[in-house]
Amino acid sequence: MFAFTRFFLTVVTVALLATAVVAQGPNPAPATPVVSNVQITVPVKEAEVGQTVKVTAVATDATGTVLKEQPSAYFAGPFDIAAADDNGNVKLFGIGQVTVGAIVGGKPGFTTFMVKAPGVKTIDITPIKAPLAVGSSFTLDAVTRVGSGDPRTGVPINWTSDNPQVALVDAGGVITAVGPGKATITATSGTATSITTINVVKSNLRSLLVSAGAKSARTGDVVRFSAKGDPTNDVATRWSVSGSGAFVDGSGAFVAERPGTYIVTATSGNLSSSASIVVSPRNLEREVEIVGRVPFKEFQGAEQWIIGNYAYYSTIADRFFVYDISDPKNPKLTDTITVDARLINDISTTADGKILVISRESASNRKNGIAFYDASDPAHPKPISEYTATVSGGVHSAFVDGHYVYLTDDATGSMRVIDFADVKNPKEVARWQTEHSMVGKIQTKEGDQVVGRYLHDLQVKDGLAYLAYWHDGLVILDVGAGIKGGSPKNPKLVSQFRFNHNELYGNGWLAGTHSVYRYKNYVFVGDEVFPAIFDIKSPTRVPVRGIVHVIDVSDINYPRKVAEYPVPEGGAHNMWVENDTMYIGYYSGGGRVVDVSGELCGDLYAQGREIARIWTGDANAFRANLPLTWGAQPHKGLIYFNDIHSGLWIVKLGEPIYKGSTTAPGQ
């Protein structure tokens with residue numbers, strides 16, 4: 001959580017402190033003129049990714065007289081697209097609206113400008129594997145990408161065919177097969193060019209028959225349609241579906257978001273055939289019963305870890321709590337562990353529960369890193385050791401796998417692997433990070449700072465590490481799976497899937513790849529989206545956004561997005577998936593329970609795959625009646641939702657709301 005930490009501290013806190021200094025009183029008469037206004041200017045109204053822009057600050061007094069006083073600090077944000085050094089040089093490494101400013105004589109000044117999207121560098125065209133029959137039409141799928149590899153939509157593509165007697169192509173990339181032969185189709189956008197070859201044959205099909213894998217389905221079920229010709233002819237088939245509540249892809253995979261009767265049609269050359277399917281509502285919704293509570297009011301909660309009869313709960317403060325949940329109706333506080341940190345983020349144990357690991361940020365001694373505790377007495381963990389040597393800049397997330405901790409290093413945006421086989425003497429054994437042109441360094445009073453790269457979350461399963469790189473998307477590493485020869489001590493890149501968060505959410509937001517969870521052949525990837533500037537401790541509501549992407553990794557070398565789960569009234573955070581069910585904290589959308597059984601395709605929210613939801617607002621919470629649900633964990637037939645403002649909610653699923661409906665997966 002809280003990928004905004006660096007920008008939040010440098011902009012909001014500094015500015016508020018500066019304002020507070022000016023507001024103090026009474027004060028003795030100043031020896032120098034008081035700064036009344038700070039005018040900030042930049043030399044451009046619109047900049048490009050990769051540029052460095054110089055900020056100029058001019059301070060004036062109440063009469064408008066220009067003062068000679070120099071800025072005490074510069075800042076720029078959102079942190080994930082811009083950063084300022086101590087001389088007012090702003091490095092730009094992302095798209096969107098940038099806020100820059102300076103503090104002079106305790107007075108802040110601000111201005112904004114736009115960083116435009118870079119030009120297209122490559123075009124990826126999905127090839128048509130089967131020949132086209134004369135008379136057929138087919139839409140080419142093309143993705144334009146900028147230099148970083150991020151997709152960029154809405155960019156005009158110029159399509160041409162070198163053999164119009166074989167295949168024509170229109171401005172939308174729609175191919176029309178004219179006559180037998182081969183044609184090369186060229187796509188051009190700016191300086192980027194890509195080609196694909198089209199093979200057109202004369203079809204001798206006399207008939208075409210479409211059949212469905214099922215005559216009926218529920219919303220969200222994927223049903224595969226097939227088309228057979230007489231005689232059998234291996235040519236490409238174009239699929240279509242009647243109505244707007246369903247879609248069918250190029251392979252004949254059909255899924256509906258709304259109930260109804262749909263007609264699916266296959267076309268090859270001049271022949272067409274159709275079949276119908278009846279879709280009913282999914283109707284999996286169930287009641288939610290609150291079993292127990294751990295209410296928070298004085299503290300804001302963070303991560304939870306439930307194991308055995310105990311719940312460990314970290315805070316956005318200098319402590320974590322231990323609760324005995326052997327009676328879930330009456331959780332009992334057994335210990336409060338004080339830590340030198342302003343944020344204890346991840347908290348988890350080894351599989352046997354004997355060793356507890358926490359990650360730390362913003363320690364007073366600037367030695368953050370991770371700490372190990374002896375949890376052989378789970379009610380009262382005892383300190384064993386800590387590791388700060390190479391990660392003193394802060395650790396946001398950590399994942400325990402065997403005797404290794406895979407963690408995120410705030411200072412460098414790298415993944416570190418810590419071996420704690422000797423738990424009293426943990427040591428770093430590996431480091432891995434993305435490398436690209438947008439990563440750089442800026443000089444500050446505290447030393448060089450790496451910008452343009454941020455690793456937020458990670459999970460390790462079956463020898464593969466899944467990394468949520470804020471603006472580099474999903475990164476998959478071999479750390480012992482035997483795919484690329486990797487190991488915990490020598491991680492190797494397997495594949496990557498990139499997003500364009502500026503296109504997804506627009507300007508003025510901190511937005512990036514936040515959380516990952518591997519389940520079966522899918523990786524669930526959650527975005528975290530906050531306003532560019534906000535105060536997490538403010539009593540007012542903080543707007544949030546963010547969806548969950550579903551990435552199919554059946555072919556681990558070529559991940560592809562197949563579905564998503566967007567909640568309009570909330571923003572995605574941490575999820576847990578087991579028994580075909582996703583449990584997730586959706587920030588202001590509360591806690592959600594989602595059916596992820598079977599093949600996943602399309603909009604899971606629109607398909608009615610939600611099983612249950614819980615509103616975690618509380619009038620007596622840290623922030624009254626404003627839920628901000630962090631995450632969820634199923635345990636012993638119950639679900640534990642942890643809310644930043646209101647604490648822990650222990651719930652169980654009740655009876656189906658629609659009598660006679662199918663029991664929810666995993667229940």
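Here are five short exercises with worked solutions on a predicted model.

**Exercise 1: The whole chain**

Task: Find how many helices and strands the chain has, and how its radius of gyration stands against the globule rule.

Solution: Start with the secondary structure: there are two helices and 57 strands in the chain. Next, look at the radius of gyration, which is 28 Å. For 667 residues the globule rule gives 26 Å, and the two values are close, so the chain is as compact as a globular protein of that length. Along its principal axes, the C-alpha trace spans about 95 × 65 × 50 Å. Then turn to burial: 55% of the 667 residues count as buried. Finally, consider the contacts with a separation of 6 or more: residues 24 or more positions apart account for 54% of them.

**Exercise 2: Two residues in loops**

Task: Decide for Asp580 and for Pro156 whether the residue is buried or exposed, and describe its surroundings.

Solution: Begin with Asp580, which sits in the loop between β50 (575-578) and β51 (581-585). Its relative accessibility is 19%. Buried means under 20%, so Asp580 counts as buried. The side chain of Asp580 also makes a polar contact of 2.8 Å with the side chain of Lys520.

Now take Pro156, located in the loop between β13 (141-145) and β14 (158-161). The relative accessible area of Pro156 is 68%. The cut-off for exposed is over 50%, so Pro156 is exposed. Leaving out residues up to four places away in sequence, Pro156 touches Thr188 and Ser189. Ser189 is 33 residues from Pro156 in sequence, yet their C-alpha atoms are 6.4 Å apart in space.

**Exercise 3: The largest nonpolar core**

Task: Work out which residues have the most contacts inside the largest nonpolar core, and which strands supply the core.

Solution: In general, nonpolar side chains tend to be buried together in soluble globular proteins. Here the largest nonpolar core has 25 residues, and Phe524, Tyr565 and Met582 have the most contacts inside it. At least two residues of this core come from each of β46 (509-519), β47 (522-531), β48 (548-552), β49 (560-565), β50 and β51. Zoom in on Phe524: not counting residues up to four places away in sequence, its contacts include Tyr517, Val550, Met582 and Leu600. Another core, of 22 residues, lies apart from the largest one, and Tyr74, Ala76, Ala82 and Ala84 are among its members.

**Exercise 4: The sheet from β32 to β35**

Task: Give the strand order of this open sheet and explain what is special about its edges.

Solution: First, write down the order of the four strands, β32-β33-β34-β35, with antiparallel pairing. Next, look at the edges, where β32 (343-349) and β35 (382-387) stand. Each has a single partner strand, so one side of each is left without a neighbour in the sheet. From one strand to the next, the twist averages 25°. Last, follow one pair: β34 (residues 370-374) and β35 run antiparallel and are joined by five bridges. Within this pair, Ile370 stands opposite Tyr387 in β35.

**Exercise 5: The sheet from β28 to β31**

Task: Repeat the steps for the open sheet with β28, β29, β30 and β31.

Solution: The order is β28-β29-β30-β31, and the pairing is antiparallel. At the edges are β28 (301-307) and β31 (332-338), each pairing on one side only. The twist averages 20° from one strand to the next. Between β30 (residues 319-324) and β31 there are six bridges. Asp324 has Lys332 in β31 as its bridge partner.

Note on methods. Residues numbered from 1 in each chain as written. Predicted model: local features only at pLDDT ≥ 70, side-chain atom pairs only at ≥ 80, totals over all residues. Heavy atoms only, no water. Buried < 20%, exposed > 50% of the residue type's maximum accessible area, 1.4 Å probe, protein only. Polar contact = N/O pair within 3.5 Å; in protein donor to acceptor, adjacent residues only side chain to side chain. Contact = heavy atoms within 4.5 Å. Core = buried A, V, L, I, M, F, W, Y, C linked by side-chain atoms within 4.5 Å. Pairing = 2+ DSSP bridges. Axes fitted to C-alpha atoms, helices over the stretch in contact; angles between N-to-C directions. Rg over C-alpha atoms; globule rule 2.2 N^0.38 Å.
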